[in-house]
Amino acid sequence: METKHAILSAISGASIAAIVALTPTFVTADTLSDVAGRYRIQPSSRVGFTVSQVGGGGITGDFKKFSGVFALNSSDIKRSEIDFTLYPESVSTGEARVESFLKSDAVFDSANFPTITFKSTQITQTSSDTAQISGILTARGKSSPANFQASLADHGKNTITFHVQGKLLRSRYGMDVGTPIYSNVVQFDMTIRGQRS
Amino acid sequence: MLRNSKESFGLISILFHWIIGLIFIGQIALGYLMVRVSDFTLQFNLYQWHKSFGFLVLGLSTLRLLWKSANLRPRDPATLSPLERVAAHGAHVILYLSLFVVPLTGWAIASSSPLRIPTFMFDLVVIPSLPIAISDSAEAFWSASHAWLAYLSAAVAMLHILAALHHHFWKRDTILLRMLAPRAVRNGGRHAT
């Protein structure tokens, strides 16, 4: 009962905001039913990350290979879900020595753990076009809760684009080599493009 | 006791000598090992220790030089031949230079490397980079310079150690002893302060 009430108030509140703004937004009944469905994550997406270092700067890069699907549920956004896999072997930083270090057993150990997976457990709408995605991230054989913030960037008839950000503590996954010179926090900055499947 | 006299080294000079000497030997061993280990995590950590101790050597050597300039230099023992005198002083000059040049070339490696790994001395102080060119070739140049100068200075340090042992065990003079304790053993008496 309580959750139903919360959803109703969230949706109606968002709808009012949308009407006030006079712009079509994610959660208006029309839009939401428009975008509902199952999507496959496109290779044109970008999965970028940054690990800051003492004294400024840091390591910035992205993962070239990943795959995933997500489902947007129009009647109950909480029943939406996402399933994402990325391949650490595809990490790219522009510096070969950094990449081989990251792929080695010092960090990803991609030879023994070729995938990093994320499976959502709860998706909560936080504003008219944003949502918090909670889930379990598994890397190097260790699973730990992780949260991401998604905001709707663009959508068409069969495509949808989200900007997704999140922070992870790499120590949770046995990857805390180099702390405190390099921050324990990995900041993700992703552009996720979905194609209706 | 703390300061040098005409006859003997003071406690401060003696401590500088042994502390810097031990770190220097440790750094040679660490530098040799760290480039040869295959475990990336261990290697990363060994490099950071090597950098931290390198800056410690540089800092201590700067203080040592200041202390040296504000103190008397004990006179050479009469047992030294003119040739030994020249050789000993030559070795000392090279070792003193090494205490600055070797850490500085190490600093240049960290500063020129495209990896741009910060130097966070003992996880306490961020050491800025030297304003020098950053490239793979610059890093390779400074790495080779650092290694050659380090091993060269290690060879001179080895001669310095062998000479001290030679004086102690064969010539049985006080050269080694006066670097072990503040008072010249053979004098026994008090020094004028």
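Trainee: Which residues of H2(B) are buried?

Mentor: Happy to start there, bearing in mind that this is a predicted model. H2(B) has 30 residues and reaches 43 Å from its first C-alpha to its last, close to the 44 Å expected. Helix H1 (11–34), helix H3 (82–112) and strand E1 (119–121) of chain B are included in what covers its buried residues. Those buried residues are Gln48(B), Lys51(B), Phe53(B), Gly54(B), Val57(B), Ser61(B) and Arg64(B).

Trainee: What pattern does chain B follow along the sequence?

Mentor: Begin with the tally, which is 4 helices and 2 strands for chain B. The C-alpha trace of the chain spans about 60 × 30 × 30 Å along its principal axes. In sequence order, the pattern is α-α-α-β-β-α.

Trainee: Where does UniProt place the "transmembrane region" feature in chain B?

Mentor: The record comes from an unreviewed entry, and we can set two of its spans beside the model. Residues 47–67 of chain B are 100% helix and 0% strand, with end C-alpha atoms 30 Å apart. Residues 148–170 of chain B are 96% helix and 0% strand, and there the end C-alpha atoms are 32 Å apart. The full UniProt listing is residues 12–35, 47–67, 88–110 and 148–170 of chain B.

Trainee: How far apart are the end C-alpha atoms of residues 9–180 of chain B?

Mentor: For that span, UniProt lists "domain: Cytochrome b561 bacterial/Ni-hydrogenase", again from an unreviewed entry. In the model the span is 69% helix and 3% strand. Its end C-alpha atoms are separated by 9 Å.

Trainee: Is His146(B) buried or exposed?

Mentor: Let's locate His146(B) before counting: this residue lies in helix H4 (residues 136–169) of chain B. Leaving aside neighbours within four places in sequence, His146(B) is in contact with Val102(B), Thr105(B), Gly106(B) and Ile109(B). The cut-off for burial is 20 or more other C-beta atoms within 10 Å. His146(B) has 21 such atoms, so His146(B) is buried.

Trainee: And Arg172(B), with its positive phi: is this residue buried or exposed?

Mentor: Arg172(B) is found in the segment after H4 of chain B. Its phi is about 50 degrees although Arg172(B) is not a glycine. A residue counts as exposed with 12 or fewer other C-beta atoms within 10 Å. Because Arg172(B) has 9 of them, the verdict is exposed.

Trainee: Turning to chain A, how many helices and strands does it have?

Mentor: Reading from the N terminus, the elements run α-α-β-β-β-β-β-β-α-β-β-β-β-β. UniProt places "domain: Lipid/polyisoprenoid-binding YceI-like" (unreviewed entry) at residues 38–195 of chain A, a span that is 5% helix and 57% strand in the model. For chain A as a whole, the count is 3 helices and 11 strands.

Trainee: Which residues have the most contacts inside the largest nonpolar core?

Mentor: That core has 34 residues. To look at one of them, Ala150(A) is in contact with Thr130(A), Ala131(A), Ile133(A), Phe162(A) and Val164(A), leaving aside neighbours within four places in sequence. Apart from the largest core lies another of 5 residues, with Trp107(B), Ala108(B), Ala110(B) and Trp142(B) among them. In the largest core, the residues with the most contacts are Phe66(A), Phe84(A), Val107(A), Ile133(A), Ala150(A) and Val164(A).

Trainee: Which residues of chain A does a cis peptide bond join?

Mentor: Look in the loop between strand E10 (159–169) and strand E11 (185–196) of chain A, where Pro180(A) is found. Omega is about 5 degrees at this bond. The joined residues are Thr179(A) and Pro180(A).

Trainee: Over which residues of chain A is the pLDDT below 50?

Mentor: Chain A averages a pLDDT of 88, and 84% of the residues score at least 70. The stretch you ask about has 9 contacts in the model beyond near neighbours in sequence. In chain A, the pLDDT is below 50 over residues 16–25.

Trainee: How many residues does each chain bring to the contact between A and B?

Mentor: On the side of chain B, the largest share comes from helix H2 (residues 40–69), with 4 residues. The residues on that side divide into 7 nonpolar, 2 polar and 2 charged. The contact takes 14 residues from chain A and 11 residues from chain B.

Conventions. Residues are numbered from 1 along each chain as its sequence is written. Chains are lettered from A and ligands numbered from 1 in the order in which they are written. This is a predicted model: local features need pLDDT of at least 70, side-chain atom pairs count only at pLDDT 80 or more; totals for chains, interfaces and linings use all residues. Two residues are in contact if their C-beta atoms, placed from the backbone, lie within 7 Å. Ala, Val, Leu, Ile, Met, Phe, Trp, Tyr, Cys and Pro count as nonpolar, Asp, Glu, Lys and Arg as charged, and the others, Gly among them, as polar. A nonpolar core is a set of buried Ala, Val, Leu, Ile, Met, Phe, Trp, Tyr and Cys residues joined through C-beta atoms within 7 Å. The expected span of a helix is 1.5 Å times one less than its number of residues. UniProt positions are given in the numbering used here, feature names are shortened, and annotations may be inferred rather than shown by experiment. pLDDT is the predictor's confidence in each residue, from 0 to 100.
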